[in-house]
Amino acid sequence: MILFIKQILHLSIIFFLLPLYLNASSSKRVLKSNMIVDNQTLPKNANNFTELFTEGFFYGRLRFNSFGFQWDDELVSNDKVTRKDHAIAALGGSLLYKSAYLNGFAFTAGFYFSQAFGTLNDNEAYLYKAGKGALSRYKSMDDGQSGMASLAQVYLEYRHRYFEVKAGRLLFESFLTKSNDTKMIPNTFEGVTLETQNITDTKLKMAYLTKQKLRDHTEFHHVLAYADKLEDEESHQYTQNDDTAMHLGLTESKLATKGIDNKLIVLDVKNKSIDNLLLKMNYTAVPNLVSSMMIQADYKMMWNNLSVTPALRYMQQFDNGAGAIGGANLKTNTVGYEDPNSLESWLLGLRVDVAQDAWKLRFGYTQVADEGDIVAPWRGFPTGGFTRMMAQYNWYANTKTYMLRADYDFDKAGLISKLKGFMRLGFQDFDNDKEGVQADSYVVTLDLLKEFESIPNLYMKFRMANVWGNALDNGTIQKLNPSYDEARLEFNYLF
């Protein structure tokens, strides 16, 4: 532990000195509260092939992230540790190059890296929770590597006055697909995307995605296939889509037997044709497995400087064959499911936002049908923006969640410069008759995001969560105690 603390201190010193040495400009990039970088200054049009390169921009990011995790109950099951307190930190960043536009064409390449330092042994990497995004569990368990490097973005782009097409390795933000850049390396995809705003008051996105690279992977992999477990190679299960929300019954071998080569098709629409009304629609499908449709309406009302915005989300999931292959439960434990071989389901979300000046309150509620679990392992969360809280997965069958969120802008209130924060309090009511989902839990989270005027483009984010509940044992169903404490501290410098 002492060595670990020393390493973190050394990395912190390097991290703070580098920005001063680089003396970079603060005009090109902004870090949003979800840790996604907004490149506000883009390259201009090139007049010739030489200017395609010379007029391009480099974008840099230095990043330090750290995680501490403590269970209420550590656990050993069948002589294997399944829960263990831990801490992990990482230093890394990214360097992106975006060319200028020549006759509408351009290209982008982005290299990402992370070097992690944790308290667990290499063969215990599977025990990391939030901090698992700082390293590759597969590489750590396979050959002891604690670092990652990936050419996660490489794409060609064509920009027309009516639309924009990208092809290659890229970020794609939609209802169920997100970069979710809260660790060290974002979630990216391989494929082709199209975006247009040519339709009046409408933004439309389409994508055909053939591969995915989760945040703790260096190689691209299946979008909806879990790696088969090998008795002599435990790390192999982390080579494909091993997202926490992945359906573990949809394995490579099962899909190969049926000749299913999983691809992801997405249509995402936002419309503002009616004053104060925002409509969102989404269609996401993996052919021959599962698909879903979502519609959401947000309506904003104003009284002087007080705004009230109610919202409704409805999502319908269609089982196109995945239920018969993997079952109704994401963890393959279908005890308590009325139809254990069906993933047909729906989700309802309700919320009301009340905001004035520096503060905002959100009251959220979501309910999942007592049918199959919702399938969404692409880092976009079905309950996101309504009741999803830090590191929580509340879209299992027959789950009801209640959440209160309070936001406060200390800068706008004239208290602390460039500091924002929010707290969430929620109750997750899982089905006690379903063995494959966790026990009920209460959740409290705190997020703080701070910019530093003395060092432009330096951002700090602090997050913490306290989860508490009780183990369940009613004679036939046993569930573990879900309680834990977690803290995260992150620094970002953009140049």
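**Entry 1: a hairpin**

I started at the hairpin formed by β21 and β22, which has six residues between the two strands. In the turn I found Asn457, with a positive phi of about 75°. A note to myself before going on: this is a predicted model.

I then looked at how the two strands pair. β21 and β22 (residues 458-468) run antiparallel, with 10 bridges. As an example I picked Val443, which sits opposite Val467 in β22.

**Entry 2: following the pairing outwards**

Which strand pairs with β20 (residues 419-429) over 10 bridges? I found β21 (residues 441-451), again in the antiparallel sense. Here Lys420 faces Leu449 of β21.

From β22 I went on to β25, and this pair is antiparallel too, with 10 bridges. Tyr459 has Asn492 of β25 as its bridge partner. Next I checked β3 (residues 57-71), which is joined to β25 by 11 bridges and runs antiparallel to β25. In that pairing Asn65 stands across from Glu490 of β25.

So how covered is β25 (residues 484-494)? Mostly: I noted eight buried residues out of 11. A reminder from class fits here: in a regular strand, side chains alternate between the two faces of the sheet.

**Entry 3: salt bridges**

I looked up the total, and the structure holds 25 salt bridges. One of them is between the side chains of Lys98 and Glu157, at 2.9 Å from N to O. Lys98 belongs to strand β6 (residues 86-98) and Glu157 to strand β8 (residues 147-159), so this pair ties together parts that are 59 residues apart in sequence.

Are these two buried or exposed? Lys98 has a relative accessibility of 8%, so I wrote it down as buried. Glu157 is at 3%, so Glu157 counts as buried as well. The cut-off I used for buried is under 20% relative accessible area.

I also looked at Arg405 and Asp407, whose side chains meet in a salt bridge at 2.7 Å, N to O. Arg405 and Asp407 are both buried. There is a network as well: Arg61, Arg63, Asp181 and Glu490 are joined by salt bridges that share partners. I had already met Glu490 in β25, opposite Asn65.

**Entry 4: a pocket and a salt bridge in one place**

The second largest pocket holds about 290 Å³ of space. It has 13 lining residues, and the ones closest to its centre are Asp298, Lys300, Thr309, Arg351 and Asp353. Two of those names came up again in my salt bridge notes: the side chains of Arg351 and Asp353 meet at 4.0 Å, N to O. Both of these residues are buried.

Where does the lining come from? β13 (277-286), β14 (290-299), β16 (306-319), β17 (345-356) and β18 (359-368) each give at least two residues. Which strand gives the most? I got β17, with three residues.

**Entry 5: cavities**

How many cavities of 30 Å³ or more are there? I found three. The largest cavity has about 70 Å³ of space. Its lining is Lys132, Gly133, Lys183, Leu214, Arg215, Asp216, Asp243 and Arg379.

**Entry 6: positive phi values**

Arg379 from that cavity lining made me look at its backbone. Arg379 has a positive phi of about 70°, and it is not a glycine. I wrote down the general rule beside it: most residues other than glycine have a negative phi. Arg379 lies in the loop between β18 and β19 (400-409). Its relative accessible area is 6%, so Arg379 is buried.

Met35 goes in the same entry, with a positive phi near 70°. I located Met35 in the loop between β1 (29-31) and β2 (37-39). With a relative accessible area of 1%, Met35 is buried.

**Entry 7: a nonpolar patch on the outside**

Last, I went to the surface. Met206, Tyr208, Ile265, Leu267, Tyr283, Met293 and Phe318 make up a nonpolar patch there, and together they have about 580 Å² of accessible area. Which elements give two or more residues to this patch? They are β11 (202-213) and β12 (264-271).

I checked one patch member more closely. Ile265 is in strand β12. Its relative accessible area is 32%, so Ile265 goes down as partly exposed.

Key
Residues are numbered from 1 along each chain as its sequence is written. This is a predicted model: local features need pLDDT of at least 70, side-chain atom pairs count only at pLDDT 80 or more; totals for chains, interfaces and linings use all residues. Side-chain values use heavy atoms; hydrogens and water are left out. Patches are made of residues with over 30% relative accessible area and no salt bridge: like charges are joined within 9 Å, nonpolar side chains (Val, Leu, Ile, Met, Phe, Trp, Tyr) within 5 Å. Accessible areas come from the Shrake-Rupley method with a 1.4 Å probe; for residues, only the protein chains shown count as cover. Helices (H or I, at least four residues) and strands (E, at least two) are DSSP runs, numbered from the N terminus. Buried means under 20% relative accessible area, exposed over 50%, partly exposed in between (1.4 Å probe, protein chains only). Two strands pair if DSSP finds at least two bridges between them. On a 1 Å grid over the protein atoms alone, a cavity is a set of points where a 1.4 Å probe fits but cannot get out, and a pocket is an open set with protein on both sides within 12 Å along at least five of seven lines; lining residues have an atom within 4 Å of a point. Grid points are joined across faces, edges and corners, and a volume is the space filled by probe spheres set on the points.
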